[in-house]
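Work through the exercises below with the structure open beside you. Try each task before you read its solution.

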Amino acid sequence: MFGHFGNGAGNGGKNGGNGALVELAGIRKVYETGPVTVEALSGVDLTLRAGEFVSVVGPSGSGKSTLMNIVGCLDTPTGGSYRLKGEEVGRFTLDRLAEVRNRRIGFVFQNFNLLPQLSAFENVELPLLFAGMATRARRERAEELLTEVGLADRMRHKPTELSGGQMQRVAIARALACRPDLILADEPTGNLDSSSGRDILHVFEDLWQAGHTLLVITHDPAIAQRAPRSVTVEDGRIVADN
Amino acid sequence: MTFRHYLLQLLRDVRSQKLRTFLTLFGIVWGTAAVTLMLAFGQGLHGKLIASIKGLGENIVIAWPSRTSKAWDGLGRGRRIRVTDEDLEKVRREVPLITRLSGEYSAWNLRFRVGRKVFIPGMSGTNAEFGVMRNLNPTTGGRFVDDADVSHRRRVVFLGDKLKSDLFGVDEAVGSEVVINGVPFVVIGVLAEKDQDSSYNNRDNDRANLPASTFKAMYNRAYVDNFVFQVAERDDAVAAKKEVIASLARTHRFDPEDTEAVGMWDTNENLEFMDTFMLGFRLFLGIVGTLTLVVGGIGVSNIMHVVVEERTKEIGLKMALGAKRRFVVGQILFETLALTAIGGVLGLGIAWTVCASFPAAAIEYVGSPVISAQVATITTGVLGLIGFLAGFFPARTAASLDPVEALRL
């Protein structure tokens, strides 16, 4: 089903000399709110190879989301090193970070985060707009993506007119828009009923089969089971990786 | 395409927040109309006052021969200086800066009679140049005293418009007779109505003019009461005054430094004063108008802050999807400038309507308000600056949002 999404990101050989897409070394994240200091991540080492499907599990407040924000270049670590395709992310300017989020990373959120005033089609167009793609190419690409996730007949609908599963498909189409190297999902099935959840899981599996790299935070044991590699985070550290 | 996205977003905002948009626009519309009208009225009033000043004449100096105040060349002070036409011809030859010159003989005690109506207006005997210098322009069908009138000592008279109405009512006066102290004169012209804010012998609309030669012969005058000269450029007046006094001082043997021997009124001084005053006045109006517009701008800025607040999550999401800061800033600035521009156009339209439909009765007192290119440029400039500032701060807030924080909402 997702053959068309193949974009070369699956070829580990292309990504840096050792094939690592993401290399985290000693990542720390400290939040200071007044006198209280909270260490959300205290020395995380994690390497993702292109084409991997990794689930991240752990209790609430363990630092999973912080980890994902850092990998997604939304947040900057307090200490440690993050190399994306061999490049040190800490040295990137704000604009370069925006480009990385735009082209190399696709986000899928628990609450979908679709813009309610835009149609499904326009939501998918957004990252392409930020990438500076010409109008015509942008429209073709958005159409192609929505067709692939099975929403060809829902393109002009607003998010409020779609079911949860459909909204998450739109979000996935949007995440894939700029052919990212890495797809990050934070509890993608958390707000869905079990049947829609299974649906989305299948979509992720298809994406993996097509060669995409996936990092999925989840409480859903079904996803954790399907992923060949599962990382457990507790108290800001990785306590298991298998 | 980014533009299209901005535009669609703006339209959605306007549609979803009609009242808020209306109130925001109202501030800008009001402010723009205020600035424009203030400036337009300032300009109209300026024009009106300048026209009034120029009603007396442009670049003219009026001079009254008087008494010496200093001893000179063996002659004591307090000696009367009397100027003749010959003296003035000498002045004309000696002072090339002068472009026009006329002596003026005046009388206040002559009876003007038409039918049974009698008036005793002020009147002057002058040459043809006087009419040009003093803007004594005739209505259609008439003329001022000309050179032939002067050389033939014709018994002709030019009437001020008010005097004409007094004597003739609405009837045509040109060609009719006025009996002045028992001697019939033919009316050759009537003054076209004009603004005149200053005078030295009553307003021109209530006076009559005869050829100087006729005046001298009939009323037995040898010396002018005063004389009037004109220079080509404003700046020439000071030098010309000095040279005129020097010429008369040579003829009549008085100290050329004696400022009282021949008193002079340089009407340009009025104009300069008026220019300075009006500059201050218009600046004041402009500032008051601008402050009104600033208040409108603050309203827009507030609204945009609210918009940023409301859209924090949306902006955070856009950033997560790869929107650069300049996209976010651009969007807020675009909306602000678009709102300001729409309000500005409406405000200008209102101001234009007010100016266009301004009652003629009021124009007589405050002049006709004009939205000149200058006024429009100033308003647009102020508006643009305010729009930019109103958008800049909210946009900066938006651009400094932390996407993680924003998405958590």
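Two strands pair if DSSP finds at least two bridges between them. Keep that cut-off in mind for the first exercise. One caution before starting: this is a predicted model.

**Exercise 1. Find how E7(A) pairs with E8(A), and which residue stands opposite Asp186(A).**

Step 1. Count the bridges. Five of them join E7(A) to E8(A).

Step 2. Check the sense. E7(A) and E8(A) run parallel.

Step 3. Locate the partner. Asp186(A) stands opposite Ile217(A) in E8(A).

**Exercise 2. Examine strand E8 of chain A: which way do its residues point, and how many are buried?**

Step 1. Find the strand at residues 213-217 of chain A.

Step 2. Judge the cover. Strand E8 of chain A is mostly covered, with five of its five residues buried.

Step 3. Sort the directions. In a regular strand the side chains alternate between the two faces of the sheet. In E8(A), Thr213(A), Leu215(A) and Ile217(A) point one way. Leu214(A) and Val216(A) point the other way.

Step 4. Look at the pairing with E3(A). Four bridges join E3(A) to E8(A), and the two run parallel. Phe53(A) has Leu214(A) as its bridge partner in E8(A).

**Exercise 3. Place these strands in their sheet: what is the strand order, and which strands form the edges?**

Step 1. Read off the order. Six strands of chain A form an open sheet, E6-E7-E8-E3-E9-E10. The pairing is mixed.

Step 2. Mark the edges. These are strand E6 (105-108) and strand E10 (237-241) of chain A, each pairing on one side only.

Step 3. Note the twist. From one strand to the next, the twist averages 20 degrees.

Step 4. Follow E3 onward. Strand E3 (residues 53-57) of chain A pairs with strand E9 (residues 229-234) of chain A in the parallel sense, over four bridges. Within this pair, Val56(A) has Val231(A) as its bridge partner.

Step 5. Add a helix. Helix H5 (residues 164-176) of chain A lies across E6 and E7 of chain A. H5 runs at about 170 degrees to E6(A).

**Exercise 4. Describe the hairpin of E1(A) and E2(A): how many residues lie between the strands?**

Step 1. Set the strands. E1 covers residues 20-33 of chain A, and E2 covers residues 36-49 of chain A.

Step 2. State the pairing. They pair in the antiparallel sense over eleven bridges. Glu23(A) stands opposite Thr47(A) in E2(A).

Step 3. Inspect the turn. Two residues lie between the strands. Gly34(A) in the turn has a positive phi of about 65 degrees.

**Exercise 5. Turn to chain B: what are its domains, and how do they touch?**

Step 1. Split the chain. The domain assignment gives domain 1 of chain B as 2-54 + 273-408, and domain 2 as 60-266.

Step 2. Take the separation. The centres of the two domains of chain B, over C-alpha atoms, are 55 Å apart.

Step 3. Count the contact. Domain 1 of chain B gives six residues and domain 2 of chain B gives five residues. On the domain 1 side, three are nonpolar, one is polar and two are charged.

**Exercise 6. Trace the open sheet of chain B: how many strands does it have, and what packs on it?**

Step 1. List the order. Eleven strands run E4-E3-E7-E8-E6-E9-E5-E2-E10-E1-E11 in chain B, with mixed pairing.

Step 2. Name the edges. They are strand E4 (117-119) and strand E11 (262-266) of chain B.

Step 3. Check one pair. Strand E1 (residues 60-65) of chain B runs antiparallel to E11(B), joined by five bridges. Val61(B) stands opposite Asp266(B).

Step 4. Add the helix. Helix H7 (residues 212-219) of chain B packs on the sheet. Its direction makes about 90 degrees with that of E9(B).

**Exercise 7. Bring the chains together: how many residues of each are in contact, and which helix of chain B gives the most?**

Step 1. Count both sides. 18 residues of chain B are in contact with 20 residues of chain A.

Step 2. Find the leading helix. H10(B) gives the most to the chain B side, with five residues.

Step 3. Class the residues. The chain B side divides into ten nonpolar, three polar and five charged.

Technical notes
Residues numbered from 1 in each chain as written. Chains lettered and ligands numbered in written order. Predicted model: local features only at pLDDT ≥ 70, side-chain atom pairs only at ≥ 80, totals over all residues. Domains from an automatic or database assignment. Contact = placed C-beta atoms within 7 Å. Nonpolar A, V, L, I, M, F, W, Y, C, P; charged D, E, K, R; others polar. Axes fitted to C-alpha atoms, helices over the stretch in contact; angles between N-to-C directions. Buried ≥ 20, exposed ≤ 12 C-beta atoms within 10 Å, placed from the backbone.
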